[in-house]
Amino acid sequence: MPKNVFALALLLSLLAACATPPEQRYPEFEAVRYDQLPGWEADSQLDTLAAFKKSCERILKREPETPFGRNIKMVWAGTYGDWQPACRAMTHSFFVDNDQARQLFESYFTPYRVTAGRQKKGLFTGYYQPLLHGSLTRHGQYQTPLRAIPDDLVMVDLSEFRDDLKGRRIAGRVQGNRLKPYESREEIVAGRLPQDKDQPIVWVDDPVDAFFLQIQGSGKVQLDTGEVLYVGYAGQNGHPYFAIGRALIEQGDLTRETVSMQAIRDWLVANPDQAAEMMNRNPSYVFFRELDVEGAIGGEGLALTPGRSLAVDHTLYPYGLPVWLDVEYPDDAAADNIRQLMVAQDTGGAIRGPIRGDFFWGAGAQAEALAGQMKSEGQIWVLLPKTISLNSE
């Protein structure tokens with residue numbers, strides 16, 4: 001990496017600070033009792049215990065005095081030393097039933113209701129692990145590449161330079177002594193990357209499937225040899241994410257009531273002459289890496305647990321945080337809300353705000369259907385170690 005990258009990033013961060021930053025809401029916390037969590041006694045916390053143990057493997061490796069949050073706005077999350085006693089107890093809990101798992105969480109954690117000013121509820125969407133079909137060589141129907149991250153792509157988290165730039169990121173290519181914007185989706189798809197930087201991992205048979213894989217972040221590719229290749233997020237070109245469902249609503253093809261992942265997919269398939277142009281309305285482009293483990297890998301670097309891993313705004317919440325959900329079930333036929341304990345183990349470009357989440361449904365047709373139609377209203381509580389005491393702030 002060029003020596004002047006960090007100086008360039010600092011310069012850009014200072015320039016960005018000259019502009020008025022967007023209004024940022026932060027979570028506020030109010031301690032509650034467990035009997036105030038709707039459905040707490042009916043949940044299977046044993047399933048969440050398995051997911052939480054994965055985060056504990058990372059938590060137990062950190063120095064106890066290290067802040068658990070990634071910036072000063074997360075001082076409420078304490079230090080790794082606050083979290084490690086619970087992790088040690090739960091990591092060594094091999095033979096417990098659901099009641100014992102629930103008691104473990106109750107013994108080590110205090111629940112806090114999350115609000116943001118007057119806002120108590122927010123939007124919860126879903127995602128899944130898609131299955132694509134591909135080949136390691138380009139031939140026949142396999143014409144759409146999933147690309148490896150180019151070695152000249154520089155990604156900069158501006159919050160590392162200035163706390164008031166929290167949540168703001170840039171990416172680009174160093175040219176001389178300047179950091180220039182990287183190619184957009186349209187330019188990358190058109191083959192305008194430098195030839196030595198365009199490195200396909202695998203070729204798939206459907207550009208629409210490749211587009212949605214970039215939104216989901218990870219998936220598996222059934223190769224024409226019979227093998228399965230697992231791929232995951234490696235980086236992004238630095239351009240802002242744009243939800244093409246918004247464009248389809250604006251031009252009258254969908255409505256706010258009918259827009260869903262499946263409805264968007266159906267439109268793209270039904271309008272092949274317009275599909276590429278519509279997908280290019282989203283300038284963001286995701287690069288992938290081959291995974292050496294099965295399953296989807298989240299932002300925490302761990303395999304996600306279907307139904308128990310939650311993607312959150314990582315500028316506001318640390319990974320490994322237990323989160324209690326009470327959100328509408330995406331299937332209208334279901335009368336009950338989703339009321340269960342999750343673990344914050346992933347993030348996403350569209351997941352922004354203190355009461356916002358993306359529910360990981362897993363793999364398969366049912367997971368795809370539920371994720372695609374999930375636009376649920378709900379509320380959250382977080383569980384914090386009892387060594388941390390917060391007032392509503």
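A residue counts as buried when its relative accessible area is under 20%. Thr 115 has a relative accessibility of 14% and therefore counts as buried. The structure discussed here is a predicted model.

**Overall architecture**

The secondary structure of the protein chain comprises ten helices and 17 strands. The chain has 393 residues, for which a compact globule would have a radius of gyration near 21 Å; the value of 22 Å found for the chain agrees with this, so the rule for a compact globule is met. Along the principal axes, the C-alpha atoms fill a box of roughly 55 × 50 × 40 Å. Buried residues make up 51% of the 393 in the chain.

Contacts can also be described by sequence separation. Among those that join residues at least 6 apart in sequence, 78% link residues at least 24 apart. The chain exposes about 18,900 Å², of which carbon and sulfur atoms supply 49%. It carries 40 positive and 51 negative charges, and the mean positions of these two sets lie 6 Å apart.

**Helix α3 and its surroundings**

Helix α3 spans residues 80–91, twelve residues in total. From its first C-alpha to its last it reaches 15 Å, close to the 16 Å expected at 1.5 Å a residue. Its buried residues are Tyr 80, Asp 82, Trp 83, Gln 84, Ala 86, Cys 87, Ala 89 and Met 90. These pack against two helices, α2 (45–59) and α4 (98–108), and against the strands β2 (109–115), β14 (322–327) and β17 (375–385).

Ala 101 is located in helix α4. With a relative accessible area of 0%, Ala 101 is buried. Beyond its neighbours within four places in sequence, Ala 101 is in contact with Gln 45, Leu 46 and Leu 49.

Thr 115 belongs to strand β2. When neighbours within four places in sequence are set aside, the contacts of Thr 115 are Tyr 26, Pro 27, Glu 28, Lys 120 and Ile 355.

**Helices α8 and α10**

In helix α10 (residues 365–373), the buried residues are Ala 367, Leu 370, Ala 371 and Gly 372. Their cover includes β3 (122–129), α8 (261–270) and β16 (356–363). Helix α8 in turn has Met 261, Ala 263, Ile 264, Arg 265, Trp 267 and Leu 268 as its buried residues. Those residues pack against β3, α6 (207–216), α7 (244–250), α9 (272–279) and α10. Strand β3 thus appears in both lists, as cover for α10 and as a packing partner of α8.

Ala 371 lies in helix α10 and is buried, with a relative accessible area of 4%. Leaving aside neighbours within four places in sequence, Ala 371 is in contact with Gly 126, Tyr 127, Tyr 128, Met 261 and Trp 361. Met 261 is also one of the buried residues of α8.

**Selected residue pairs**

The table sets out the sequence separation and the C-alpha distance for three pairs.

| Residue pair | Separation in sequence | C-alpha to C-alpha distance |
|---|---|---|
| Ala 101 and Met 90 | eleven residues | 8.4 Å |
| Ala 371 and Phe 359 | twelve residues | 7.6 Å |
| Thr 115 and Trp 381 | 266 residues | 8.9 Å |

Met 90, paired here with Ala 101, is among the buried residues of α3.

Key:
Residues are numbered from 1 along each chain as its sequence is written. This is a predicted model: local features need pLDDT of at least 70, side-chain atom pairs count only at pLDDT 80 or more; totals for chains, interfaces and linings use all residues. Side-chain values use heavy atoms; hydrogens and water are left out. Helices (H or I, at least four residues) and strands (E, at least two) are DSSP runs, numbered from the N terminus. The radius of gyration is taken over C-alpha atoms; the globule rule is 2.2 Å times the number of residues to the power 0.38. Buried means under 20% relative accessible area, exposed over 50%, partly exposed in between (1.4 Å probe, protein chains only). Contact means heavy atoms within 4.5 Å. Accessible areas come from the Shrake-Rupley method with a 1.4 Å probe; for residues, only the protein chains shown count as cover. Lys and Arg count as positive and Asp and Glu as negative; His and the chain ends are not counted. The place of a charge is taken as NZ of Lys, CZ of Arg, CG of Asp or CD of Glu. The expected span of a helix is 1.5 Å times one less than its number of residues.
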